[in-house]
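Visitor: I would like a close look at a single part of this model, taken slowly and with its surroundings kept in view.

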Amino acid sequence: NIGYGKIKEPLLRFSAFFRALNASAPNGRFMDSYFGDPRAPGGYFPIGFMSFPMNQTGQQPLYSRSVFNFFSPTYAPPGPMAAAGLVAPELEITDGNYSISIPNTFVEFIYRPNPLPAPPSGPSPFIVLDYAAFLPNARNPTALVDQLDLIFCGGQMGGYTRNQILTALQSFAVSTSDLERVQHAIHLTVVSPAAATQK
């Protein structure tokens, strides 16, 4: 059924992303932010993505504008979808801003130094991602894309997307590190339409 499926809610995409990469917080707080100046030992203030994802995703636990959800169950974007009698509730919170900020936030987490420096007063407050499960396939683009397709796309990655990612991975210089290969492959996968939809 061509009409079956849905756009994944941003918070569900991010929770799946962090789960797949075994995200951890060295200081145990999962706030992903310092208080003020990174060198200040004064404590923590919720300014990072994890403490207020509403800024980048339009969603945040317990922040729904109504008791029903972040969007109407009958919402249909104008155009072919509405004309076909289909609904896409999750698209009600998808606009030009979030269409850019969500992929950018994924990219920020993927490429930032890992781990970021710790403050003088204790473990780093920043989220750490673990790429260990993907590194064995770093030099085997087909196996890596198959693995990412299963984990991030539920095996629904289309041929065009697969070929684009394979072409990118096969163009790397021999000296490209395994970590860089995996990071790029994850980047291209998580921002693809296949990773944003559930069928």
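What covers the buried residues of H6?

Guide: In this predicted model, the cover over the buried residues of H6 includes H5 and H7. The helix itself has 12 residues and reaches 16 Å from its first C-alpha to its last, close to the 16 Å expected at 1.5 Å a residue. Its buried residues are Thr161, Arg162, Ile165, Leu166 and Leu169, and because they fall within an arc of 130° when seen down the axis of H6, they line one face of the helix. Tyr160, Thr167 and Gln170, on the other side of H6, are exposed. The background is that an α-helix has 3.6 residues a turn, so residues three or four places apart point the same way.

From H6 the view can be widened to the core. H6 (159-170) supplies at least two residues of the largest nonpolar core, as do H1, H4, H5, H7 and H8 each. That core has 31 residues, and those touching the most other members are Phe17, Phe18, Leu129, Phe134, Phe152 and Ile186.

Two of these, Phe134 and Phe152, form a stacked aromatic pair, with 6.4 Å from centre to centre and 20° between the planes. The pair links distant parts of the chain, since Phe134 is in the loop between H4 and H5 while Phe152 is in helix H5, 18 residues apart. Phe134 counts as buried at 0% relative accessibility, and Phe152 is buried as well, with a relative accessible area of 7%. Setting aside residues up to four places away in sequence, Phe134 touches Ala20, Leu21, Leu144, Gln147, Leu148, Ile151, Phe152, Val182 and Ile186.

The loop between H4 and H5 also holds Leu135, which counts as partly exposed at 31% relative accessibility. Beyond its neighbours up to four places away in sequence, Leu135 touches Asp178, Leu179 and Val182; from Leu135 to Val182 the C-alpha to C-alpha distance is 6.6 Å, although they are 47 residues apart in sequence. Leu179 lies in helix H7 and, at 37% relative accessibility, counts as partly exposed. Its contacts, leaving aside neighbours within four places in sequence, are with Tyr131 and Leu135, and its C-alpha atom is separated by 8.8 Å from that of Phe134, 45 residues away along the chain. Gln183, also found in helix H7, counts as buried at 10% relative accessibility, and it touches Ile110, Tyr111 and Tyr131 when residues up to four places away in sequence are not counted.

H1 completes the picture. In this helix (residues 10-20), Pro10, Arg13, Phe14, Phe17 and Phe18 are buried, and they are on the same side of H1 because they cover an arc of only 125° around the axis. These buried residues pack against H2 (54-57), H4 (96-111), H5 (141-153), H7 (178-190) and H8 (193-196). Phe14 and Phe18, being 4 residues apart in helix H1, are separated by about one helical turn; Phe14 counts as buried at 2% relative accessibility, and Phe18 is buried with a relative accessible area of 10%. The whole structure contains 6 aromatic pairs; in that of Phe14 and Phe18 the ring centres are 6.4 Å apart and the planes at 35°, so the pair is tilted. Ring pairs also link Phe14, Phe17, Phe18, Phe106 and Phe109 into a cluster.

Note on methods: Residues are numbered from 1 along each chain as its sequence is written. This is a predicted model: local features need pLDDT of at least 70, side-chain atom pairs count only at pLDDT 80 or more; totals for chains, interfaces and linings use all residues. Side-chain values use heavy atoms; hydrogens and water are left out. Buried means under 20% relative accessible area, exposed over 50%, partly exposed in between (1.4 Å probe, protein chains only). The arc is that of the directions from the helix axis to the C-beta atoms. Contact means heavy atoms within 4.5 Å. A nonpolar core is a set of buried Ala, Val, Leu, Ile, Met, Phe, Trp, Tyr and Cys residues joined through side-chain atoms within 4.5 Å. The expected span of a helix is 1.5 Å times one less than its number of residues. Rings of Phe, Tyr and Trp (its six-membered ring) pair if their centres lie within 6.5 Å; planes under 30 degrees apart count as stacked, over 60 as edge-to-face and the rest as tilted.
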